[in-house]
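Hi,

Here is the structure you asked me to pass on. Have a look at it first, and then read my notes underneath.

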Amino acid sequence: MIVIDSASPVPPFEQLRAQLARQIQDHTLAVGTQLPTIRRLAADLGLAVNTVGRAYRALEEAALIETRGRAGSFVTAAGEQGRERARHAAAEYAAVIAGVGIDTDEAIRIIEAALANGAAASPSSRLATSHRPDGDVP
């Protein structure tokens, strides 16, 4: 069930994107599940078509759904691939942390700070961060 809180400071498209992504990640929406059309979901939720379209595009960019032309949008298996990528990245991070002698508590604080400031939010934000001349994370 998707619930959009109109009083929330989080934009409706992000609320929708996050809820669908969570349902895909926790398998509430199984691989191969067909999502409602953008127009139908917009009507059901009382949102603009562009709002739902923006959420669907973000899910496509994250490879969580794919659109097959007129057949509609479907949940992909990429959610599992994303988890595997995250596990692999975590193992690499753990190896770096062990190599430079940072303790577990500080390593966790580093990850929490990175997640909180959105450094891991999108490939474009990672790219922007990696090209800062001072190397600081904004």
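Below is what I found, going from the whole chain down to single residues.

First, a caution: this is a predicted model. Mean pLDDT for the chain comes out at 84, and 84% of the residues get to 70 or more. Confidence varies by element: helix α2 (residues 38-45) has the highest mean pLDDT, 96, while helix α6 (residues 123-130) has the lowest, 38. Across residues 120-138 the pLDDT is below 50, and that stretch has twelve contacts in the model beyond near neighbours in sequence.

Now the overall layout. The chain has six helices and two strands, and along the sequence they come in the order α-α-α-β-β-α-α-α. Of its 138 residues, 24% count as buried. About 9,300 Å² of the chain is exposed, with carbon and sulfur atoms supplying 57% of that area. If you take the contacts with a separation of 6 or more, 40% of them are between residues 24 or more positions apart.

The helix I spent some time on is α3, which covers residues 49-61. How far apart should its ends be? With 13 residues at 1.5 Å a residue, α3 should span 18 Å, and its end C-alpha atoms are indeed 18 Å apart, so the two agree. Its buried residues are T51, V52, G53, A55, Y56 and L59. In general, an α-helix has 3.6 residues a turn, so residues three or four places apart point the same way. As for what covers the buried residues of α3, the list includes α1, α2, β1 and β2.

One of those strands, β2, runs over residues 73-75 and contains S73. S73 counts as buried because its relative accessibility is 7%, and the cut-off for buried is under 20%. Its side chain makes a polar contact with the side chain of T67, at 2.9 Å. T67 sits in β1, which spans residues 65-67. Leaving out neighbours within four places in sequence, S73 is in contact with T33, Q34, L35, Y56, I65, E66 and T67. Y56 in that list is also one of the buried residues of α3.

Q15 is another polar residue worth a click. Q15 belongs to helix α1, and at 9% relative accessibility it counts as buried. Which residues does Q15 touch, leaving aside neighbours within four places in sequence? They are V3, I4, D5, S8 and V10.

Finally, two backbone oddities. Most residues other than glycine have a negative phi. H27 is not a glycine, yet has a positive phi of about 70°. You'll find H27 in the loop between α1 (12-25) and α2; its relative accessibility is 46%, so it counts as partly exposed. A63 is the other one, again not a glycine, with a positive phi of about 60°. A63 follows α3, in the loop leading to β1. With 34% relative accessibility, A63 counts as partly exposed.

If you only open the viewer for a minute, go to S73 and its polar contact with T67, then to the loop residues H27 and A63.

Cheers

Terms used:
Residues numbered from 1 in each chain as written. Predicted model: local features only at pLDDT ≥ 70, side-chain atom pairs only at ≥ 80, totals over all residues. Heavy atoms only, no water. Helix = DSSP H or I, 4+ residues; strand = E, 2+ residues; numbered from the N terminus. Buried < 20%, exposed > 50% of the residue type's maximum accessible area, 1.4 Å probe, protein only. Polar contact = N/O pair within 3.5 Å; in protein donor to acceptor, adjacent residues only side chain to side chain. Contact = heavy atoms within 4.5 Å. pLDDT = per-residue confidence, 0-100. Areas by Shrake-Rupley, 256 points an atom, 1.4 Å probe, with all protein chains shown as cover. Expected span 1.5 Å × (residues − 1).
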